[in-house]
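I opened the notebook to record what I looked up in this structure, entry by entry. The entries follow the order in which I went through the chains.

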Amino acid sequence: MPEKVVISSAVRHTGGPISCSDVSRRDRQIMASTGLGLLHGLRLAGSHANIEAIPGSRRAAFAVLDMVDPEIDDLAPAVLSSRVDGRLEQGAFYERGWREIHPLWPLAVLNNVVFSLACSYAGIEGENAVFSPGPETFVNAIAEAAGAISSGRANAAFASAVSPSSELSLMRSKLRVPPHRAATAGSNRKRGCGGTLVLESEEHARHRGQKPLATVAGWAFAQQGQDGSGVRGVMNTALRRAGIPVHDLNLIVLAGDPGADNTTTESIEELIGSAKGPTLCSADSIAPATPPGNIALVITELMERFRLNPQSQILVNASGAAGQLACLVLGGVQ
Amino acid sequence: MTGYGMITALGENAETTFNRAAQSKSGVAEIQSFDTRGLTCRIGGEVDDSWINAPLAHGGNVSPSRGSMLMQTAAREAESMARLDQVRNRDRVGTILGSHGQNPAVEQLALLHHHGDSETRESDGLSHVPGYDLGQFFRRRPDVATGDLARQLGNRGPCLSIVSACSAGAQAIGEGVRLIREGHSDVVVAGGCDSTINFVGMVGFTLLRVLAERWSTPEAASRPFDRKRCGFVMSEGAGVVVLEEYEHAMARRADVRGEIFGYGASADAHRITDARPDGQGAALAMRTCLEDAAVEAAAIEAISAHATSTVQGDIAECRAIEQVFGSRAPSIPISAPKSMLGHTIAAAGAIELILALMGMERSILLPTINQQSRDKRCALDTVPNEARHQVHRLAISNSFGFGGQNACLCIGLIDA
């Protein structure tokens, strides 16, 4: 019988300035706001879960980070020094211009380096992976963390996601939003935000005196079928794994993607029929934020603000830009 | 594992790559694809354009990244070998790739700067800048190559992208194994792809001072474990495997090429630019892998080393191997495929795992070429310069990511 995996700590990061005074100036420049947000989340969640006594090699971490974009100021001197009569001369750039690029830039655009730095400062030496970059991959991170716990590969596992906050990321987030939603995207959605969870086995948490916040009951992933069968399939699979009939759900969080949400709603109607169904709400209504931190923010908001009661059964949907789908089922605990 | 495929600087498929590697050939040469004047490193392992077999555009007007095209080429080989068309329920077929988005071109970066200042720069206006290619945004996204491949193969199962640099390909395969073990998928197409031989990519690694900048000939520049090594050589490629639940493979009478017995991962939690000198992080990944595989260290007959040809990295890996294998360490043959291929970054873990399996299938240990004067701090059996005929059935393949992310896979032949 696999151990029940619980969330023993959940913290959200709302995108404000982060103070990590022990981070060196050099590392701060590499990590930028995304990395510092990640580190802040790892530390705060770890602190809330009191994991100090757990050795670094028994701490795992799985994070979702979008591309870490070049800071334009790091590149601008190189471009400007390669202009001749107002035009970029490629030869000049090759010959000398590139030397003006800030030397830390190559590190700062590698999101695994940013992740590794955050892990290093947070004392995490165990299993780890960085996923990228859609909101659905936060469910992947949770699933990997749960797998690391249930198979005994770690005693505590972090699942974290942080949205980027650079100028380029804002442009990209606007581009990836369907046109009919473009008016609200980017400007109203929060950037640089996200959330971090600490997962452990229920037995381990209670043994340490930690009160679990929720159980990670089930999850599933799929690539969307053209007929929307992927949406139905992923929900059914997650519920089957959780051993929860759809009628017992209290709340379904829709992904916040119009295409996937419509199919999800239709699928729920098919599953439930005329019976009274669970409450539906959109991820955007709980936490309007840019991917990939948005679903992390939704889940931590649910943990922190809404407080699951023992009877709570929540299904969270998430979808990626390339048709990836994920579904997570959370349950309350006694 | 019921299928595999690759495309590298050595060849357009796995067979050619392996055969040329077994002949101690190098895929490293002067870079031809762009003007390298001014760069301190002007060599790399480029894939011949004529070998690439992938559509130039998908779903309309956005052309895929070069990394994605390399992956699609490699995947055709793997798909054919595994006879993947036999698998009808594509909801149970997952796709996991280690990949990174394509670097922006210099011209595109320049256009970005032409467009306004920090207050006015925004995408709506950017789309009206003449010459700006909005496909850049999509080619930069690490998950697009995975989505492209899933669409090409019709895989509707889990679709996941991993971005842990040099360990991404190995981690993708490790996570694919877990998806199958945990019952999420019957089949997973997993691997890695990367193409960083472009101006911006080369500049990035040059600024980090990790590329080889001194060489007698390009072919001699990548020299893991050799005293004269001075950095790695950038390369490009893709490697992909078809992982399958054993009974599922048996039921459709697929040819089982080998088995992934275990996967381990760890973080150095040390300096971001250097591996831990004591090799503890790498050793933890190897030990975890062996534990996952439920095999004793004494059973391992060969090692495919990460061995990038950097001074610190190669030494740290040797220390790690010594910690895990103890007194046996000097007698275990250790191959360094990057001595011939260069460093394919996110593709390396997948390519090297496949080469390790092919070596077992053919009883050939691939060589570590360019071994002229061994570094005494790397006093292990590196299969110097020439391939060796030796029966072996169980090996590990190491991949250590820049930043301290370590992955190890244990692979072997299985009895018929």
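The entries below take helix packing and strands in chain A, then a sheet, helices and single residues in chain B.

**Entry 1: the model itself.** I noted at the outset that I am working from a predicted model.

**Entry 2: two helices in chain A.** I began with packing, since two packed helices are described by the angle between their axes and the distance between the axes. I looked up helix α1 (residues 25-48) of chain A against helix α5 (residues 111-122) of chain A, and I found that their axes come within 8 Å and cross at roughly 55°. I therefore wrote down α1(A) and α5(A) as oblique to each other, and I added that their crossing is right-handed. From the side of α1(A), the residues that meet α5(A) are A:Asp27, A:Ile30, A:Met31, A:Gly35, A:Leu38, A:Leu39, A:Leu42 and A:Arg43. From the side of α5(A), I listed A:Val113, A:Val114, A:Phe115, A:Leu117, A:Ala118, A:Cys119, A:Tyr121 and A:Ala122. Sorted by class, this contact of α1(A) with α5(A) holds 13 nonpolar residues, one polar residue and two charged ones.

**Entry 3: strand β2 of chain A.** Is strand β2 (residues 59-65) of chain A mostly covered or mostly open? I found it mostly covered, with seven of its seven residues buried. In a regular strand the side chains alternate between the two faces of the sheet. In β2(A) I saw A:Arg59, A:Ala61, A:Ala63 and A:Leu65 pointing one way, while A:Ala60, A:Phe62 and A:Val64 point the other way, and all of them are buried. I then looked for the partners of β2(A): strand β6 (residues 156-162) of chain A pairs with β2(A) in the parallel sense over seven bridges, and A:Ala60 stands opposite A:Ala157 in β6(A). Strand β5 (residues 128-131) of chain A also runs parallel to β2(A) and is joined to it by four bridges, with A:Phe62 opposite A:Ala129 in β5(A).

**Entry 4: a sheet in chain B.** In chain B I traced an open sheet of five strands in the order β8-β14-β13-β9-β10, and its pairing is mixed. The edge strands are β8 (259-267) and β10 (334-335) of chain B, each of which pairs on one side only. I looked closer at strand β13 (residues 394-401) of chain B and strand β14 (residues 405-412) of chain B, which pair in the antiparallel sense over eight bridges, and I noted B:Ile411 in β14(B) as the bridge partner of B:Ala395.

**Entry 5: helix α7 of chain B.** I found helix α7 (residues 168-181) of chain B lying across β8, β13 and β14 of chain B, and running at about 120° to β8(B). Which way does α7(B) lie relative to α13(B)? Helix α13 (residues 348-362) of chain B packs against α7(B) at an angle of about 70°, with the axes 5 Å apart, and the two helices are therefore roughly perpendicular to each other. The contact brings B:Gly169, B:Ala170 and B:Ile173 of α7(B) together with B:Gly349, B:Ala350 and B:Leu353 of α13(B). By class, I counted four nonpolar, two polar and no charged residues in this contact of α7(B) with α13(B).

**Entry 6: two buried residues of chain B.** I looked up B:Thr17, which is found in helix α1 (residues 14-22) of chain B; B:Thr17 is buried, because its relative accessible area is 0%. Leaving aside neighbours within four places in sequence, I found B:Thr17 in contact with B:Met6, B:Thr8, B:Leu10, B:Gly11, B:Leu341 and B:Leu355. I then turned to B:Ile43, in strand β3 (residues 43-44) of chain B, which counts as buried at 0% relative accessibility. Not counting residues up to four places away in sequence, B:Ile43 touches several residues, among them B:Val28, B:Ile31, B:Met202, B:Trp215 and B:Val233.

**Entry 7: positive phi in chain B.** Most residues other than glycine have a negative phi, and most peptide bonds are trans. I noted B:Ala165, whose phi is near 50° and thus positive, in the loop between β5 (159-162) and α7 of chain B. Is B:Ala165 buried or exposed? With a relative accessible area of 3%, B:Ala165 is buried. I also noted B:Ala294, with a positive phi near 55°, in the loop between α10 (280-293) and β9 (302-304) of chain B; at 70% relative accessibility, B:Ala294 counts as exposed.

Notes:
Residues are numbered from 1 along each chain as its sequence is written. Chains are lettered from A and ligands numbered from 1 in the order in which they are written. This is a predicted model: local features need pLDDT of at least 70, side-chain atom pairs count only at pLDDT 80 or more; totals for chains, interfaces and linings use all residues. Side-chain values use heavy atoms; hydrogens and water are left out. Axes are lines fitted to C-alpha atoms, for helices over the stretch in contact, and angles run from 0 to 180 degrees between N-to-C directions. Angles under 35 degrees count as roughly parallel, over 145 as roughly antiparallel, 65 to 115 as roughly perpendicular and the rest as oblique. A crossing is left-handed if the near helix is turned anticlockwise from the far one by less than a right angle, and right-handed if clockwise. Contact means heavy atoms within 4.5 Å. Ala, Val, Leu, Ile, Met, Phe, Trp, Tyr, Cys and Pro count as nonpolar, Asp, Glu, Lys and Arg as charged, and the others, Gly among them, as polar. Buried means under 20% relative accessible area, exposed over 50%, partly exposed in between (1.4 Å probe, protein chains only). Two strands pair if DSSP finds at least two bridges between them.
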